[in-house]
Amino acid sequence: MTNPGTLYQQVRSHLAFLKLPAMAEALPGELDTAANEKLSHTEFLARLLDVEAQATQARQHAGRLRFANFPAPWRVCDFDFDAQPCVDAALIRDLATCRYADDATNVLFIGPPGVAKTMLAIALGHAAVDAGLRTYYCTAADLAARCRKAAVEGRWANTMRFFKGPSVLIVDELGYLPMPAEDANALSQVISQRYLNASIILTTNRGAASWGDIFDDTTIAAAMLDRLLHRSVVFNITGDSYRMRAHQARSRKLTQGGNT
């Protein structure tokens, strides 16, 4: 008969060999629980497997979050829809289910600076990461700079594959700076590769009619818009700056607090 202590060490060794560290760590406590609660072998194994599954999911989520490159932790629940009533709260919450990614639908946030376009884009990005979707955030300027560098270093094809890969690609702040022909071509190729294959969430301070001014090339602008809008959800956000409203609300709160 195998010594119980030897058998225990053998199980721990097997778990380490199979790279199941969470199960190995939980084993002593789960053995005590199984004995105290008189669990069946199947129940005991199910509890151990659940520990490892949750640990694996947490590691995978952390990896997706690192890859996503988000500049802020914003989520949909952080957004004050009362402060920005022109944003359809029901539609945003529906988009947070990530169903739009099933058929490569794009999401466009259009509006002047300060109306929370970036916050909403990142909030949907976090929802995508939580849903298990590979997601990546960059500004339009960062995307262009990365493509320029790749062209110089002979890594253009690899860079295009990188931007084609994520299920959800967030391109922020398009239109804040003019894009020369080389940069416009890079963005156009990224959009073309992802067309009908994977979703883009894009924020811009320019309406569709002004895109020719961004790129100084109406042909490229029209081609990009055609692909982005073919299958898309578009938010035209107007009104006062969300950031200024939040600042004013904080100022009023501090003032009221100081007067009490």
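**Exercise 1.** Is D130 buried, partly exposed or exposed in this predicted model?

*Solution.* Start with the number: D130 has a relative accessibility of 39%. Next, recall that buried means under 20% and exposed means over 50%. D130 therefore counts as partly exposed.

**Exercise 2.** Find the salt-bridge partner of D130 and say where each residue sits.

*Solution.* Look at the side chains first: D130 meets R75 in a salt bridge, with 2.5 Å from N to O. That fits the cut-off of within 4 Å. Now place the two residues. R75 is in the loop between α3 (41–68) and α4 (89–95), while D130 belongs to helix α5 (residues 117–130). The pair links distant parts of the chain, 55 residues apart. Finally, check R75 itself: its relative accessible area is 29%, so R75 is partly exposed.

**Exercise 3.** Which helices does the salt bridge between D183 and R148 tie together?

*Solution.* Begin with the contact: the side chains of D183 and R148 come to 2.7 Å, N to O. D183 lies in helix α8 (residues 181–194) and R148 in helix α6 (residues 140–153), so the bridge joins parts 35 residues apart in sequence. Then compare the ends with the cut-offs: D183, at 7%, is buried, whereas R148, at 32%, is partly exposed.

**Exercise 4.** Describe the salt bridge of E153.

*Solution.* The partner is R155, and the N to O distance is 2.6 Å. For exposure, take each residue in turn: E153 has a relative accessible area of 44% and is partly exposed; R155, with 33%, is also partly exposed.

**Exercise 5.** How many salt bridges are there by this rule?

*Solution.* Applying the rule of within 4 Å gives six salt bridges. Among them are R75 with D130 and E153 with R155.

Conventions:
Residues numbered from 1 in each chain as written. Predicted model: local features only at pLDDT ≥ 70, side-chain atom pairs only at ≥ 80, totals over all residues. Heavy atoms only, no water. Helix = DSSP H or I, 4+ residues; strand = E, 2+ residues; numbered from the N terminus. Buried < 20%, exposed > 50% of the residue type's maximum accessible area, 1.4 Å probe, protein only.
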